[in-house]
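This report describes one protein chain, from its overall layout to individual residues. The sequence and coordinates come first, and the text follows.

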Amino acid sequence: VNDSINSHFDGVKFKLFEELTATAAKSIKETLVCLNNGVDYSSQSTGQKANSNCIIVSTLQERLGTRLPIWLDDASILNLKETPKSQCIFLLNEKGKKLDCTRIDEVYV
């Protein structure tokens, strides 16, 4: 299963099970870990996480034939190897600027 899923992704891999074989003493335990160049998603830098996210979303969009926008937060730190084919909305933040945020339920009443 791991090889089948991972064959569709270029740059990220998924670990779907804690162990790849079951034993009598311990059955297979499912997990979902995203690895980018062998680095666990939880240990990746913000830029690596954004890159992983783009690879995952782009691959799913290609495979499923959908085109949804991708929001890239703090996009100034990104160095994407491949830009997704869908619309990218890059959010940039200048140092020293205070961002005012409005809750969506306050906008759409």
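In which strand does Val-12 lie? Val-12 lies in strand S1, which covers residues 12-17. The model is a predicted one, and the account below starts from this residue before turning to the sheet, the core and the chain as a whole.

**Val-12 and its surroundings**

Val-12 has a relative accessibility of 0% and therefore counts as buried, the limit being under 20%. With neighbours within four places in sequence set aside, the contacts of Val-12 are Cys-34, Leu-35, Asn-36, Ser-52, Ile-55 and Ile-56. Ser-52 is 40 residues away from Val-12 along the chain, yet the C-alpha atoms of the two are separated by 6.4 Å. Across the strand pairing, Val-12 stands opposite Asn-36 in S2.

**The sheet**

S1, S2 and S3 form an open sheet in that order, with antiparallel pairing. S1 and S3 are the edge strands, each pairing on one side only. In general, the strands of a sheet pair through backbone hydrogen bonds, in a parallel or an antiparallel sense. Here five bridges join S1 to S2, and two bridges join S2 to S3. Three of the facing residues are listed below.

| Residue | Bridge partner or opposite residue |
|---|---|
| Val-12 | Asn-36 in S2 |
| Lys-15 | Val-33 in S2 |
| Asn-36 | Val-39 in S3 |

Asn-36 thus appears twice: Val-12 stands opposite this residue, and its bridge partner in S3 is Val-39.

**The turn between S2 and S3**

Which residue of the hairpin of S2 and S3 takes a positive phi? Asn-37 does, with a value near 55 degrees, in a hairpin that has two residues between the strands. Asn-37 is a residue other than glycine with a positive phi. The loop that holds Asn-37 runs between strand S2 (30-36) and strand S3 (39-40). Is Asn-37 buried or exposed? Its relative accessibility is 64%, so Asn-37 counts as exposed, for which the limit is over 50%.

**The nonpolar core**

The largest nonpolar core consists of eight residues: Phe-9, Val-12, Phe-14, Leu-16, Phe-17, Cys-34, Ile-55 and Ile-56. S1 and H2 are the elements that give two or more residues to this core. S1 gives the most, with four residues. Among the core members that Val-12 contacts are Cys-34, Ile-55 and Ile-56.

How many aromatic pairs does a search of the whole structure find? The search finds one. Phe-9 and Phe-14 form this pair in an edge-to-face arrangement, with 5.0 Å from centre to centre and 75 degrees between the planes. Phe-9 counts as buried because its relative accessible area is 10%. Phe-14 is also buried, at 12% relative accessibility. Both rings belong to residues of the core.

Phe-17 is another member of the core. Residues up to four places away in sequence not counted, Phe-17 touches Val-1, Asn-2, Ile-28, Lys-29, Glu-30 and Thr-31.

**Ser-58 in helix H2**

Helix H2 spans residues 46-64 and includes Ser-58. Ser-58 has a relative accessibility of 14%, so this residue counts as buried. A polar atom of the Ser-58 side chain lies 2.8 Å from the backbone oxygen of Cys-54.

**The chain as a whole**

Three helices and five strands make up the secondary structure of the chain. Along the sequence they follow the pattern α-β-β-β-α-β-β-α. The chain has 109 residues, of which 25% count as buried. Its accessible surface is about 8,500 Å², and carbon and sulfur atoms account for 53% of that area. Taking contacts between residues at least 6 apart in sequence, 25% join residues at least 24 apart. The contact of Val-12 with Ser-52 links two residues that are 40 apart along the chain.

To return to the starting point, Val-12 lies in S1, has 0% relative accessibility and is one of the residues of the largest nonpolar core.

Terms used. Residues numbered from 1 in each chain as written. Predicted model: local features only at pLDDT ≥ 70, side-chain atom pairs only at ≥ 80, totals over all residues. Heavy atoms only, no water. Buried < 20%, exposed > 50% of the residue type's maximum accessible area, 1.4 Å probe, protein only. Polar contact = N/O pair within 3.5 Å; in protein donor to acceptor, adjacent residues only side chain to side chain. Pairing = 2+ DSSP bridges. Contact = heavy atoms within 4.5 Å. Areas by Shrake-Rupley, 256 points an atom, 1.4 Å probe, with all protein chains shown as cover. Phe/Tyr/Trp six-rings, centres within 6.5 Å; stacked < 30°, edge-to-face > 60°. Core = buried A, V, L, I, M, F, W, Y, C linked by side-chain atoms within 4.5 Å.
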